[in-house]
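Me: I would like to understand how the strands of this protein are arranged, taking one sheet at a time. Could you look at the structure with me?

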Amino acid sequence: MKYKVLYRKYRPNDFENIIGQDYIIKTLKNSIIHNNISHAYIFSGPRGTGKTTTAKVFSKAINCLEPIDGSPCGKCAFCTNFQENPDIIEIDAASNNGVDEIRGLIENIKLAPTNGKYKVYIIDEVHMLSTSAFNALLLTLEEPPAHTIFILATTNIESVPITILSRCQRFDFQKIKIVDIVARLKEICKIENIAIDEEALKEIAYLAEGGMRDALSLLDQLSKSEEKITLDLIEKQIKTISQKGINDLLQTIEDNDINRCLELINEYRNRAVDYKSLVKKIIEIISEKAKNFKRNGQYSRLQFTDYKNLIFSLADSLNKININVDSYTILEMILLEYFNEDDSKLKINKENTKVIAEETQNEEINVEVKPENHIDEDVSNDNLEKFIEIRINNCFVEAKKSYLENAKKEFNDYILTSNNGKIKSTLEDSDVVAASSKYVILKTSNKHNVDSSNKMSLEIEKSLKKAIGKEYKLVFIDDDRWKDEKEKYILNLKNKKVYEYIEEDSNLLETKTVLNDVFDKDKIEIV
Ligand SMILES: [Zn+2]
C-alpha cells in the first residue's frame with residue numbers, strides 16, 4: 001500500500017472538518033445558502049491554518065449541484081469528480097512569480113466553465129507575484145466575467161498591493177488553538193494506532209505554532225521511529241526544547257539557582273538546539289509571565305520591568321547570533337543578570353551559622369544555633385512589605401540630618417573594621433539615606449537584594465551593636481522606593497503630618513523563624 005503522508009490523508013474534504021476557523025466557515029456557508037457570492041476573496045493567515053483547504057471546499061460547495069446547508073453534498077457528479085475538475089485552477093505564485101500562469105489565466109478566462117457553474121482560480125502565496133503579474137491580475141479583477149471566482153491566499157497580507165485588496169472580500173485565518181490541534185491529533189493517533197502520551201501531544205501542537213499541517217508533518221516524522229512518542233523522543237528527534245524545558249530554565253531564575261541555570265544552558269548548547277527558536281520560545285513564555293504579573297500581580301522574584309528588559313535583551317540577542325561568538329554565551333550573560341549573588345550565598349547555611357556563633361562566643365557558652373535556613377524560608381511577601389513600611393515610618397518619626405551624618409560615619413567605620421564578608425558586602429552595596437536615633441533606612445544599589453538584605457537585618461543589627469555599641473533597627477529599600485518615600489515624607493512635612501511610632505508586631509511574618517529572628521533578641525537558643 002502506498003504510504004500517504006498524514007496531512008494529505010487527513011486533509012478535510014468538507015467544511016465540518018476544518019478546525020479553528022468557525023467564523024470564516026460560517027460566513028462562507030451563509031454566502032452559499034443566500035446565493036451571495038463575491039467574485040474575489042483573499043484568505044490571509046499563517047501557514048497551515050487551512051486557507052487552501054477552505055478555498056477548495058468552498059469552490060466545491062459553490063459548484064455542488066445539491067449543497068446541503070451551504071456545504072458540498074459529496075455525492076453529486078461535481079463533488080465526486082472534484083479532483084479532476086478542469087474548472088478549478090490552482091496557481092502557486094511562489095514557484096515562478098506566476099507571470100506565465102496569469103497570462104494563461106487571462107487568455108482562458110473568457111471561456112465558460114466546462115462542468116460547474118463557476119471557474120475558480122485559487123492563487124496560493126499571491127504576495128509572491130511579480131509586479132507585472134499583479135498588474136495583469138488587477139485588470140482581470142476589475143471586470144471579472146460572471147462565471148469566475150478568484151480565491152487568493154497569502155501568508156503575508158502586507159505585501160499584497162492595496163489595489164488588489166480593495167477588490168477582494170477578506171478573511172483572516174487565525175492560528176489554530178493548541179487544544180484544537182491536540183484534539184485532532186488525538187483522533188488521528190487513535191485511527192492510525194500511534195502510541196503517544198498527552199504531554200507529547202501538547203508539545204507537537206505547541207511546536208506547530210498554530211498550523212495543522214505542521215502538526216501533522218511532525219506527527220508523521222515522529223511516528224516513523226515506531227517508539228511511543230514522548231517528550232524525550234520529541235526533544236531527541238527534533239532539535240528543540242520543550243515548553244517544560246523552558247519553564248525549567250526560567251524556574252532557575254525564580255529559585256535563584258545559578259548552577260542549574262548554567263547546567264541547562266550547557267545541555268542545550270551540547271544538543272545544538274537551534275538558538276533562534278529557543279530564544280523565541282523563551283520570549284513567548286516570559287511575555288505570558290509578564291502579562292500575568294500585570295493582570296494578577298502574582299508574586300515572583302522578577303518584577304514586570306525585569307520581564308520587559310529580559311524580553312528586549314533576548315530579542316536583541318537574535319541580531320547578534322551571526323557574529324563570531326557562541327550564541328549561548330550571550331544567553332548566559334543575559335540570564336545571569338537576573339540572579340542574585342547574595343541570595344545564593346545565603347544558601348550556604350553552615351557558614352552563616354558559624355559567623356553568628358563566633359560573634360556571640362564571648363557572651364555565651366555552648367551556643368547552638370538553629371539552622372539558618374529559616375532565613376531562606378518564605379517570609380510572606382505581604383509581611384515583608386509591612387515590615388518595611390513600619391520601619392520606614394518609625395525612622396521618619398525622629399529622622400534628622402544630624403542622625404543621618406552620624407549613622408553614615410558609623411556604618412563606614414563598621415565596614416572598615418568588620419571582617420564579616422557577607423554583612424560587609426551587603427552594607428557596601430547600600431547607602432544610608434535616612435536615620436533617627438533608633439532606625440536607619442538603607443538604599444540598596446541592586447533592587448534584587450532588597451528582600452535578602454531585609455531578611456539579614458537582625459544579623460547585621462547584632463553585629464553592629466557589638467562593633468559600635470548602637471542598637472539600630474535597619475530597613476533596606478531600593479532606589480525607586482526611596483524616591484517615592486522621600487517625596488511622601490517631604491509632602492507630609494509640608495502638610496504638617498506627624499509621624500507616630502507603629503509597634504513592631506512579632507506575629508507579622510508568617511514563618512515564625514524569620515520574624516522571630518528579626519524581632520526577638522533571643523534568636524540564639526542556649527542549650
Ligand atoms: Zn455535490
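The questions and answers below deal with the two sheets of this predicted model.

Me: In what order do the five strands of the open sheet stand, and in which sense do they pair?

Reply: In the predicted model, strand β2 pairs with β3 (residues 119-124) in the parallel sense over five bridges, and β3 is in turn joined to β4 by five bridges, again running parallel. Five bridges also join β1 (residues 40-44) to β4. With β5 added, the open sheet has the order β2-β3-β4-β1-β5, and its pairing is parallel.

Me: Which strands stand at the edges of that sheet, and why is one side of each left without a neighbour?

Reply: In the order β2-β3-β4-β1-β5, the names at the two ends are β2 and β5. Each of them has a single partner strand, so one side is left without a neighbour in the sheet. The edge strands are therefore β2 (88-92) and β5 (169-172).

Me: Which residue of β4 stands opposite Ala-40, and which is the bridge partner of Ile-123?

Reply: Strand β1, residues 40-44, is joined to β4 by five bridges, and Ala-40 stands opposite Phe-150 there. On the β3 side, where five bridges also join the strands, the bridge partner of Ile-123 in β4 is Leu-152.

Me: Through which helix does the chain cross from β3 to β4, and what is the handedness of the crossover?

Reply: The two strands are joined by five bridges and run parallel. Between them the chain passes through a helix made of residues 131-142, forming a β-α-β crossover. That helix is α7, and the crossover is right-handed.

Me: Are the residues of β4 buried or exposed on the two sides of the strand?

Reply: In a regular strand the side chains alternate between the two faces of the sheet. In β4, Thr-148, Phe-150, Leu-152 and Thr-154 point one way, while Ile-149, Ile-151 and Ala-153 point the other way. Seven of the seven residues in β4 (residues 148-154) count as covered in this sense, and the answer for both sides is buried.

Me: In the sheet of three strands, which residue of β9 stands opposite Tyr-439?

Reply: This open sheet has the order β7-β8-β9 with mixed pairing, and β7 (430-435) and β9 (473-477) stand at its edges, each with a single partner strand. Strand β8, residues 439-444, pairs with β9 in the parallel sense over five bridges. Within β9, the residue opposite Tyr-439 is Lys-473.

Conventions
Residues are numbered from 1 along each chain as its sequence is written. This is a predicted model: local features need pLDDT of at least 70, side-chain atom pairs count only at pLDDT 80 or more; totals for chains, interfaces and linings use all residues. Two strands pair if DSSP finds at least two bridges between them. Helices (H or I, at least four residues) and strands (E, at least two) are DSSP runs, numbered from the N terminus. A residue is buried if 20 or more other C-beta atoms lie within 10 Å of its own, exposed if 12 or fewer, and partly exposed in between; C-beta atoms are placed from the backbone. A crossover is right-handed if, with the strands pointing away from the viewer, the path from the first strand over the helix to the second runs clockwise.
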